[in-house]
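Colleague: I am new to this structure and should be grateful for a close look at a single part of it. Please begin with one residue and work outward to what surrounds it.

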Amino acid sequence: MNPLLNKKPPILTAIIATIAVLVLGSFYFSPKSFLGVDPALYELTANKQSQLVKDELYGRGNQYIAKLYGNGVASEKCYYVTVGVKDAATIYCIEIAHIQKVENLVYVALTGEKFYGDFSPANAHVDMGVIQFLILNDRERELKPESTGPIEYIGTYGSANTNIRLVSIGNDGSMAWLTTFGDMHQGYSGGGVELYASLNKSVKSILSLVTNSDNEGACNDEASCEINITNASAFLVPDKGKTFYPIQVEVNQSIRIGKNLKEKKSKFTLNYSEKNSSYIIPKGYQEQFSEF
């Protein structure tokens, strides 16, 4: 057989090589190609929440929470807790918002609504709800504390207005709670995501990342006003060489003054710092978002 018949034209060879590079590049570097794993498991900016099911696990978890905040008496409703001291004391009604078991550990997220002294709901914009995270050991069918976080303030209008779900953040089986935060006032709006994980038997925030902002409502149709609308998508990227997976963020920013429109796309990688016990947000990232 003539060997020339087996040779591909140079142009065709170049096209095939280009396609191969693109395919392999997307396979290894795209946050949406997790080697056959559902990419939604690693997406941080999808606005979704795990459904709370009041099953046997919930019942056992609720019994444990009753010991903490209900004087040992389990309730189908929330537990009233006083946070703070003296004049700064505030009443919150705390309950399980999310519970999930992974191997022998039970991950519990509690949220609480704010109430005034007469037990009427607090619903002013400045009123915040509370959130708390617990990890319980279930190796002996008796829930025991493994790691605990403090009660923290979050949300607006008296509620901890946050979605909560559990995500895998490390090759050693490390898990983290993913929550959302946001605010809107006087034409400014924005929000982001936050990760909480257990570090040395204490649950702490390891990331607070703004992912969207919009100041258009504050411009009041003024032609000279700079309208800044920015949105970001964030993904955990599995990496065997890291304690916690790196996070890849893709940002789309739109700036408009009158009829002049400028659009910008950028990418950032956030790495976890053992020294800081948190993810490091790169320089130039925060500046793309308007204040809210």
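**From Tyr279 outward**

Modeller: Tyr279 is buried, since its relative accessible area is 5%, and buried here means under 20%. The model in which Tyr279 is seen is a predicted one.

Let us start with the ring of this residue. Across the whole structure, a search returns eleven aromatic pairs. In one of these, the ring centres of Tyr272 and Tyr279 are 5.6 Å apart with the planes at 75°, so the arrangement is edge-to-face. The partner, Tyr272, is also counted as buried, because its relative accessibility is 15%. Elsewhere, ring pairs connect Tyr107, Phe133, Trp177 and Tyr196 into a cluster.

The next step outward is the nonpolar core. Tyr279 is among the residues with the most contacts inside the largest nonpolar core, which has 28 residues; the others named for this are Leu195, Ile206, Leu236, Ile247 and Val249. Six strands each supply at least two residues of this core: β8 (175-185), β9 (188-199), β10 (202-214), β11 (226-236), β12 (247-257) and β13 (260-273). In general terms, nonpolar side chains of soluble globular proteins tend to be buried together.

Leu195 offers a view of the core from another of its members. Apart from neighbours within four places in sequence, Leu195 is in contact with Tyr279 itself and with Ile247 and Ile206. Its other contacts of this kind are Leu44, Val167, Ala176, Trp177, Leu178, Lys204, Ser205 and Leu207. Of these, Trp177 is a residue of the ring cluster already described.

There is also a second, separate core, which has 19 residues and includes Tyr64, Ile94, Val108 and Leu136. Tyr64 leads to helix α2, where it is one of the buried residues, along with Leu57, Tyr58, Arg60, Gly61, Asn62, Ile65 and Ala66. Against which strands do the buried residues of α2 pack? They pack against β1, β2 (90-102), β3 (105-115), β4 (129-137) and β5 (144-148).

The helix itself has 14 residues, and the distance from its first C-alpha to its last is 20 Å, close to the 20 Å expected at 1.5 Å a residue. At the N-terminal end, α2 is capped by Asp55, a side-chain oxygen of which lies 3.3 Å from the backbone nitrogen of Leu57. Just after the helix, Asn71 adopts a positive phi of about 55°. Gly72 follows in the loop between α2 (56-69) and β1 (79-83). This glycine is partly exposed, its relative accessible area being 42%. Neighbours within four places in sequence aside, Gly72 is in contact with Ala66 and Lys67.

The loop after α2 also brings us to a disulfide. Cys78 is joined to Cys93 with an S to S distance of 1.9 Å. Because Cys78 lies in the loop between α2 and β1 while Cys93 lies in strand β2, the pair ties together parts that are 15 residues apart in sequence. With 90° about the S-S bond, this link of Cys78 and Cys93 is right-handed. Cys78 is partly exposed at 25% relative accessibility, whereas Cys93 is buried, with a relative accessible area of 3%.

The count of disulfides comes to two. The other is formed by Cys219 and Cys225, whose sulfur atoms are 1.9 Å apart. The torsion about the S-S bond of Cys219 and Cys225 is about -60°, so this disulfide is left-handed. Both of its cysteines are buried: Cys219 has a relative accessible area of 2%, and Cys225 stands at 18% relative accessibility. Counting bonded cysteines along the chain, the disulfides follow the pattern 1-2, 3-4.

One further loop residue may be added. Thr156 sits in the loop between β6 (152-154) and β7 (164-168). Is this loop residue buried or exposed? Thr156 counts as buried, at 14% relative accessibility. Leaving aside neighbours within four places in sequence, Thr156 is in contact with His125, Asp127, Asn161, Gly182 and Asp183.

Finally, these parts may be set within the whole chain. Its secondary structure comes to two helices and 14 strands. Of the 292 residues in the chain, buried residues make up 41%. Among contacts between residues at least 6 apart in sequence, 51% join residues at least 24 apart.

How values were computed:
Residues numbered from 1 in each chain as written. Predicted model: local features only at pLDDT ≥ 70, side-chain atom pairs only at ≥ 80, totals over all residues. Heavy atoms only, no water. Phe/Tyr/Trp six-rings, centres within 6.5 Å; stacked < 30°, edge-to-face > 60°. Buried < 20%, exposed > 50% of the residue type's maximum accessible area, 1.4 Å probe, protein only. Core = buried A, V, L, I, M, F, W, Y, C linked by side-chain atoms within 4.5 Å. Helix = DSSP H or I, 4+ residues; strand = E, 2+ residues; numbered from the N terminus. Contact = heavy atoms within 4.5 Å. Expected span 1.5 Å × (residues − 1). Polar contact = N/O pair within 3.5 Å; in protein donor to acceptor, adjacent residues only side chain to side chain. Disulfide = S-S within 2.5 Å.
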